[in-house]
Amino acid sequence: MVAIETYEILKFFHVLLAIVAVGFNASYAIWLARAARAPEHEAFVLHGVKFLDDRIANPAYGLLLVTGLLMVWVGDLELTQFWLLAALVLYVVAVGLGVFVYTPTVRAQIAALEAGGADSSEFQTLAKRGTTVGIVLGIDVIAIVFLMVTKPVL
């Protein structure tokens, strides 16, 4: 019988959580683009994106940090390794943008949609901000995945 080490179990959950978090986030652009072409569905899609972000993706990102730090503790890793430190810095950037910019933007976007509709200038401005922040977050997360997979050394 093959024994599975604690590190491998943590790594399995870490990768699974990354698939869930990044996968859900990637789907937002598709949903939002489709809703922009069918404004009667915009409120449903925005509420859905907010739900998925608050209840699935963001908790998965939080657990990614926990499993990642546990892997450092259990495995032969140091937080000072370039790839790990750089990924943690990018993680902090992503959390900051998510908490302080993206989530409030989606919340305001929903309020603007309900108050003035999809054609209101406030909604359009917020939609552009959400798209821009979403792209920046996407690039940030892709960089983290790249660092985690390739583990470059300086």
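Here are a few notes on this structure, which is a predicted model.

1. Helix α1 first. It runs over residues 6–36, 31 residues in total. From first C-alpha to last it reaches 46 Å, close to the 45 Å expected at 1.5 Å a residue.

2. On burial along α1, the buried residues are L10, H14, L17, A21, S27, Y28 and A35. Their cover includes α2 (42–74), α3 (82–116) and α4 (121–150). Note that H14 and S27 are on that buried list too, so don't read it as a purely nonpolar set.

3. Now the core. The largest nonpolar one holds 33 residues, and Y28, Y61, Y102 and F123 have the most contacts inside it. Helices α1, α2, α3 and α4 are the elements that each give two or more residues to this core, with α3 giving the most, at 11 residues.

4. Y102 deserves a look of its own. Setting aside neighbours within four places in sequence, Y102 is in contact with Y28, L32, V49, D53, L97, G130, V133, G134 and L137. Y28 is thus a contact of Y102 as well as a buried residue of α1.

5. Which rings make up the aromatic pair? The count comes to one such pair. It is F12 with F13: the ring centres are 5.1 Å apart and the planes lie at 75°, so the pair is edge-to-face. As for accessibility, F13 is at 41% relative accessibility and so counts as partly exposed.

6. Last, a charge over a ring: the charged end of K151 sits over the ring of W83, 4.8 Å from its centre.

Notes:
Residues are numbered from 1 along each chain as its sequence is written. This is a predicted model: local features need pLDDT of at least 70, side-chain atom pairs count only at pLDDT 80 or more; totals for chains, interfaces and linings use all residues. Side-chain values use heavy atoms; hydrogens and water are left out. Helices (H or I, at least four residues) and strands (E, at least two) are DSSP runs, numbered from the N terminus. The expected span of a helix is 1.5 Å times one less than its number of residues. Buried means under 20% relative accessible area, exposed over 50%, partly exposed in between (1.4 Å probe, protein chains only). Contact means heavy atoms within 4.5 Å. A nonpolar core is a set of buried Ala, Val, Leu, Ile, Met, Phe, Trp, Tyr and Cys residues joined through side-chain atoms within 4.5 Å. Rings of Phe, Tyr and Trp (its six-membered ring) pair if their centres lie within 6.5 Å; planes under 30 degrees apart count as stacked, over 60 as edge-to-face and the rest as tilted. A charge sits over a ring if NZ of Lys or CZ of Arg is within 6 Å of the ring centre and within 35 degrees of the ring normal.
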